[in-house]
Amino acid sequence: MELYPIDDEESLFISPAIDDWSPVLARRIGCVIDLDGTVDHGVPSIPNQMLYVYFPIFDEDLPDLARLDAVTSVGTRLLESGQKVLSHCGMGFNRSALVAGMILVRRGMKGADAVARIRSRRPGALFNETFAAYLES
């Protein structure tokens with residue numbers, strides 16, 4: 001499993017499904033936002049080590065925007081407090097990129113720039129044009 005750093009500080013990442021937690025732990029990622037259909041196997045359960053946010057969504061239309069906003073708010077606040085955040089889905093292309101892009105926008109990046117950044121850091125990302133158009137709007 002590869003982690004794709006999205007920001008220059010290497011604090012915000014996207015990835016496909018987690019089958020090995022060692023890269024997550026090695027990067028000292030403190031929050032995992034899981035957008036895939038099943039809860040990850042082997043989620044670290046050491047107290048006060050990791051916040052695991054489970055919000056399964058489809059890679060089709062936009063999900064409930066209030067909940068999506070809440071999830072990205074958590075990720076943004078954690079990044080702003082100096083913690084590292086990983087957004088992941090099955091393949092690491094669309095759902096994870098949507099959340100990472102929304103976090104970038106919340107942190108002041110223009111939507112089109114967020115889309116371009118994610119696509120440059122994770123080739124093939126945001127081929128879901130609905131997600132890309134939402135970020136750009």
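**Exercise 1. Find where Glu 10 lies, and work out whether Glu 10 is buried or exposed.**

Glu 10 lies in the loop between β1 (4–5) and β2 (12–15). Helices (H or I, at least four residues) and strands (E, at least two) are DSSP runs, numbered from the N terminus. Before going on, keep in mind that this is a predicted model, where local features need pLDDT of at least 70, side-chain atom pairs count only at pLDDT 80 or more, and totals for chains, interfaces and linings use all residues. Residues are numbered from 1 along each chain as its sequence is written, and side-chain values use heavy atoms, with hydrogens and water left out.

Next, the surface: Glu 10 has a relative accessible area of 37%. Buried means under 20%, exposed over 50%, and partly exposed in between (1.4 Å probe, protein chains only). So Glu 10 is partly exposed.

Last, the backbone: Glu 10 isn't a glycine, yet its phi is positive, about 55 degrees. Most residues other than glycine have a negative phi.

**Exercise 2. Do the same for Leu 126.**

Start with the place: Leu 126 sits in the loop between α4 and α5. Its phi is positive too, at about 55 degrees, although Leu 126 is not a glycine. Its relative accessible area is 0%, so Leu 126 is buried.

**Exercise 3. Describe how α3 and α4 pack.**

Take the geometry to begin with. Helix α3 (residues 95–106) and helix α4 (residues 111–121) pack at about 135 degrees, and their axes are 9 Å apart. That angle makes α3 oblique to α4, because angles under 35 degrees count as roughly parallel, over 145 as roughly antiparallel, 65 to 115 as roughly perpendicular and the rest as oblique. Axes here are lines fitted to C-alpha atoms, for helices over the stretch in contact, and angles run from 0 to 180 degrees between N-to-C directions.

Now the residues. From α3 come Ala 97, Ala 100, Gly 101, Leu 104 and Val 105, meeting Gly 111, Ala 114, Arg 117 and Ile 118 of α4. Contact means heavy atoms within 4.5 Å.

**Exercise 4. Classify the aromatic pair formed by Phe 93 and Phe 127.**

The structure holds one aromatic pair. Phe 93 and Phe 127 are 6.2 Å centre to centre with 55 degrees between the planes, a tilted pair. The cut-offs: rings of Phe, Tyr and Trp (its six-membered ring) pair if their centres lie within 6.5 Å, and planes under 30 degrees apart count as stacked, over 60 as edge-to-face and the rest as tilted. Phe 127 is exposed, with a relative accessible area of 55%.
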